[in-house]
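Here's a quick briefing to read with the model open in your viewer. Have a look at the fold before going through the points.

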Amino acid sequence: MRTILYIEDDQEIGRFVKDDLEARGFSVRWLLSGEGADEALPEADLVVLDVMLPGLDGFTIGQRLKRKQGDIPILLLSARTAVDDKLAGLQFADDYLTKPFHPDELAARIDVLLRRAGRDLMEEITLDHLRINLKENRILTTAGEEILLTAKQHQIFTYLLRHPNQILTKEQLYEGVWQEPYLEGDKTLHVHIRYLREKIEQDPSQPRIIETIRGIGYRVKQ
Amino acid sequence: MKRLRRSLLAQYVLIILFATMILPISVTGLSIVFYNTLYEGNSDDRLYNGTDLEQMWHRTAKSLEQATEEEIREKFHQLKLVYTNANLYWVDVKGMTRVTFPENLPVRKQWKATDAIQFMKDHRGMTADPFTTVAFLGTEGKHGFIVFQLPRSDMESPSDKLREQYNFLFPIALLAVFIVFILISTLFFYRIRKRLLHLQEAMAISDQSGVPSPVAVSREDEIGRLELSFNRMVQEVEEGRLRQLEEEELRKELIANLSHDLRTPLTTIRGHTYRLHQEHLSEKGMESVKLLDEKIRYMDGLIDNLVSYTLLTTGKYPFYPEKIDIVRLVRTSFATWYPIFENLEFTMELDIPDRQIFWQADPQWFSRILDNLLQNIHRHAADGRYIAIRIQEETLMLEDHGPGMKSKSSSQGVGIGLSIVSLMMKEMKLEWNIQTDTNGTKMTIRQKQRSYQNEY
């Protein structure tokens, strides 16, 4: 079970979010302030952090937690919409959500963050005719055939799967996979996607798994 | 003395006083000095003045009243030693020229009455040369008369000569006195001017905060007091500025806290609305829950816009303009809105070029503008089921087929979202045009100066 460290001083919101996330299958460790966060950190897969807290504020706690464990995803919750807060928050936090948030949105963002961090224990994703095991890096068709991808194709596909239902622009996708700035007019990504589709789509001319959003980018719906 | 140092007026009055007195004082003073020094060294034995010579001659005549020819000769000899160029002679009562100095003096031997008159006529007046004086010897000329003639050129005293030689010194000395006066007054005003200019410079130059720096107070006079007042003013302005900064910071903090205090209960309401939504409700109940959620979302947007608007109008909205690729930003921004329009079954037309277009803008602000505009279309123009985004000729175009901006939308707000867009566009020097009618709205956004395009 994935464990979420949740730091929130407001009793009503805290109680509700804890209940909701637990109902969604997460184990939630709820703290009223930054006290005890360090101790709870090793067991957590993700931190949901409120900005306005008694004592040390969310920024300070978040930065301290990141220093202790750089790979822990942190989602910042704030009721203050000052843009400064957002800019400062995103210096260390992985995502930023303003109150009042919809519980579905919070859950979706947590999912994305966990998956991006590779902490998602979801065994298998079924997409169209594919069964994908992200942990074992294996893709099987429903017929039981294994699809072998090149390293880059695999990286692209995994990146798309880690951002489910999100439209990724070609810049985002390229920079996420290649880790270098996208140069306008570069056809590399396009070519890779074409080969990837030839392998995973049943009909590459009518792609159903990797969707092209014309003029914008690509999306994998799950 | 202390008062004098503390008052420019007193100093000025002193200079003027000095100036009005300088003419009489300097002329008298100079004359005294001048003549005193020059008259020194004049011998008293020799006379130069005509009157003095005449008196001297008459005195001589008196002393020689009873003298013999030898005595007269002796006296003349003495005088001749003093007045080397003089002619001296004695004519006795019979009209005979008796003693002449020098011996070979070309003078008549025998005088008649007419000769005497002619002689007197010839040698009369101030200009007659040589200077001639005649004195009777003895009462009523009992023993004839004696004549003393001196060339006029020999009548100039050495002091006269000296004075003539150094006459030019007097105006020079006078001029020097005037120059000294002019120098003193110029120096006086130059120093005042310098200090005033210094003060003016200090007022003009300001540090980063826009407040001038205080000046060093050099003296205690009027300008010194002005400098003191200036420093006091600077200090007050500085204090006022700090107070204003503090107030702005407080206001910013207040807005952030207000936003927090409004959103926190809203979050709770939303959570419970969600919980209600999961309960088994009647159709009417479900409708209410849906409406509640919608209104919460609306209020959320309103608070956000209100805060942003307040920050923008007070210039406190963080602004970091840079060279940004708007094609990329438009693409990223629209990617997040795509699913929403997709769910509403919008016809989406995208014409975004495959090249970079650089504008000078703050990426956060530009995203905010796009978000607000897209949200507007989502909220007010959803009936048209159409959205088009085009980037053509360095111009961003947004089009919808909604009922137009002038018509009343079912979910209208106070238009604060568009006010924010307008303020941000203005700040980033973007040109924003709107064409709206009942068939839809077309917007174009372009950069005012086209200097940052396509530079890469």
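What follows is a short tour of one sheet, two helix pairs and the contact between the chains.

Keep in mind that this is a predicted model. Chain B has an open sheet of four strands, and chains A and B touch through 26 residues from A and 29 residues from B. There's also a helix pair worth a look in each chain: helices 6 and 8 in chain A, and helices 11 and 12 in chain B.

**The sheet in chain B**

- Going across the sheet, the strand order is 2-1-4-3, and the pairing is antiparallel.
- Strand 2 (97–101) and strand 3 (131–136) of chain B sit at the edges, so to speak: each of them pairs on one side only.
- On average, neighbouring strands here are turned by 15° against each other, ignoring direction.
- Six bridges link strand 3 of chain B to strand 4 (residues 145–150) of chain B, in the antiparallel sense.
- If you want a spot to zoom in on, B:Phe136 stands opposite B:Phe145 of strand 4.

**Helices on the sheet**

- Helix 3 (residues 50–63) of chain B packs on the sheet and touches strand 3 and strand 4 of chain B. Its direction makes about 30° with that of strand 3.
- Helix 4 (residues 69–82) of chain B lies across strand 1 (87–91) and strand 2 of chain B, running at about 25° to strand 2.

**Helix pair in chain A**

- Helix 6 (residues 151–162) and helix 8 (residues 188–200) of chain A have axes that come within 10 Å and cross at roughly 90°. The two helices of chain A are therefore roughly perpendicular to each other.
- Helix 6 of chain A brings A:Lys152, A:Gln153, A:Ile156 and A:Phe157 to the contact, while helix 8 of chain A brings A:His192, A:Ile193, A:Tyr195 and A:Leu196.
- By class, that's five nonpolar, two polar and one charged residues.

**Helix pair in chain B**

- The axes of helix 11 (residues 363–380) and helix 12 (residues 416–427) of chain B come within 9 Å, crossing at roughly 150°.
- The crossing of helix 11 with helix 12 of chain B is left-handed.
- Among the contact residues are B:Trp365 and B:Arg368 from helix 11 of chain B, and B:Met424 and B:Met425 from helix 12 of chain B.
- The contact splits into eight nonpolar, four polar and one charged residues.

**Where the chains meet**

- On the chain A side, helix 1 (11–23) and helix 4 (83–89) of chain A are the elements that give two or more residues.
- That side of chain A has twelve nonpolar, six polar and eight charged residues.

How values were computed:
Residues numbered from 1 in each chain as written. Chains lettered and ligands numbered in written order. Predicted model: local features only at pLDDT ≥ 70, side-chain atom pairs only at ≥ 80, totals over all residues. Pairing = 2+ DSSP bridges. Axes fitted to C-alpha atoms, helices over the stretch in contact; angles between N-to-C directions. Contact = placed C-beta atoms within 7 Å. Parallel < 35°, antiparallel > 145°, perpendicular 65-115°, else oblique. Nonpolar A, V, L, I, M, F, W, Y, C, P; charged D, E, K, R; others polar. Left-handed = near helix turned anticlockwise from the far one by under 90°.
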